[in-house]
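Hi,

Here is the structure I promised to pass on to you. Have a look at it first, and then read on for what turned up when I went through it.

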Amino acid sequence: MNGVDETKEDLSPASSSEIAEALIHGLRYDGRRRVHDADELMARVVAERLVEHLERSGFVLCRRPAAPQPDATPHRHPHGR
């Protein structure tokens with residue numbers, strides 16, 4: 001799991017809306033690049049139907065805790081004088 005030592009206690013159940021949003025993003029983007037053959041409305045409909053099916057089938061999807069925010073310590077810019 002990305003080289004991180006994780007336990008079941010680190011995971012929390014994902015809400016239906018979180019799952020749908022993740023699926024919508026996956027249907028609309030390939031990494032960071034927008035996929036133009038996936039219309040936003042169609043992505044939303046497909047994602048919502050997939051979430052409903054997964055819930056009816058007894059699946060429980062979990063997500064990791066939010067990653068810590070980057071450290072905002074002032075670092076000297078490499079091109080600064």
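To begin with the outside, the chain has an accessible surface of about 7,400 Å², and carbon and sulfur atoms account for 55% of that. Please keep in mind that this is a predicted model, so every value here is computed from predicted coordinates.

**Overall layout**

The chain has two helices and four strands, and from the N terminus on they follow the order β-α-β-β-α-β. Of its 81 residues, 12% count as buried. If you take the contacts between residues at least 6 apart in sequence, 62% of them join residues at least 24 apart. One pair to look at by C-alpha atoms is Glu 52 and Ser 16: these atoms are separated by 8.3 Å, with the two residues 36 apart along the chain. Glu 52 is found in helix α2 and is partly exposed, at 44% relative accessibility.

**Helix α2**

This helix deserves a closer look. For its 17 residues, 1.5 Å a residue gives an expected span of 24 Å, and the end C-alpha atoms of α2 are indeed 24 Å apart, so the two agree.

Which residues of α2 are buried? They are Ala 43, Ala 47 and Val 51. These three cover an arc of only 65° around the axis, which puts them on the same side of α2. Helix α1 is included in what covers them. On the face turned away from that buried side, α2 carries the exposed residues Leu 41, Arg 49 and Arg 56. Just after the helix comes Gly 58, with a positive phi of about 90°.

**A nonpolar patch on the surface**

Leu 27, Leu 41, Met 42, Val 45, Val 46 and Leu 50 make a nonpolar surface patch of about 490 Å². Helix α2 gives the most to this patch, with five residues. Val 45, one of the patch residues, has its place in α2 and is partly exposed, with a relative accessible area of 31%. That value puts Val 45 in the patch's range, because patch residues need over 30% relative accessible area.

**Salt bridges**

How many salt bridges are there? The count comes to two.

In one of them, the side chains of Arg 63 and Glu 18 meet at 3.2 Å, N to O. Arg 63 lies in strand β4 (residues 62-63) and Glu 18 in helix α1 (residues 16-28), so this pair ties together parts that are 45 residues apart in sequence. Both partners are partly exposed: Arg 63 has a relative accessible area of 41%, and Glu 18 is at 32% relative accessibility.

The other joins Glu 21 and Arg 44, whose closest N and O atoms are 3.5 Å apart. Here Glu 21 lies in helix α1 and Arg 44 in helix α2 (residues 40-56), so the pair ties together parts that are 23 residues apart in sequence. Glu 21 counts as partly exposed at 42% relative accessibility, and so does Arg 44 at 33%.

If you open the model in a viewer, you could start with α2: its buried residues Ala 43, Ala 47 and Val 51 are on one side, and Leu 41, Arg 49 and Arg 56 are on the face turned away from it. From there you can follow Arg 44 across to Glu 21 through their salt bridge.

Happy viewing, and best wishes

Technical notes
Residues numbered from 1 in each chain as written. Predicted model: local features only at pLDDT ≥ 70, side-chain atom pairs only at ≥ 80, totals over all residues. Heavy atoms only, no water. Salt bridge = Lys/Arg side-chain N within 4 Å of Asp/Glu carboxyl O. Buried < 20%, exposed > 50% of the residue type's maximum accessible area, 1.4 Å probe, protein only. Patch = residues over 30% accessible without salt bridge, like charges linked within 9 Å, V, L, I, M, F, W, Y side chains within 5 Å. Areas by Shrake-Rupley, 256 points an atom, 1.4 Å probe, with all protein chains shown as cover. Contact = heavy atoms within 4.5 Å. Expected span 1.5 Å × (residues − 1). Arc of directions from axis to C-beta.
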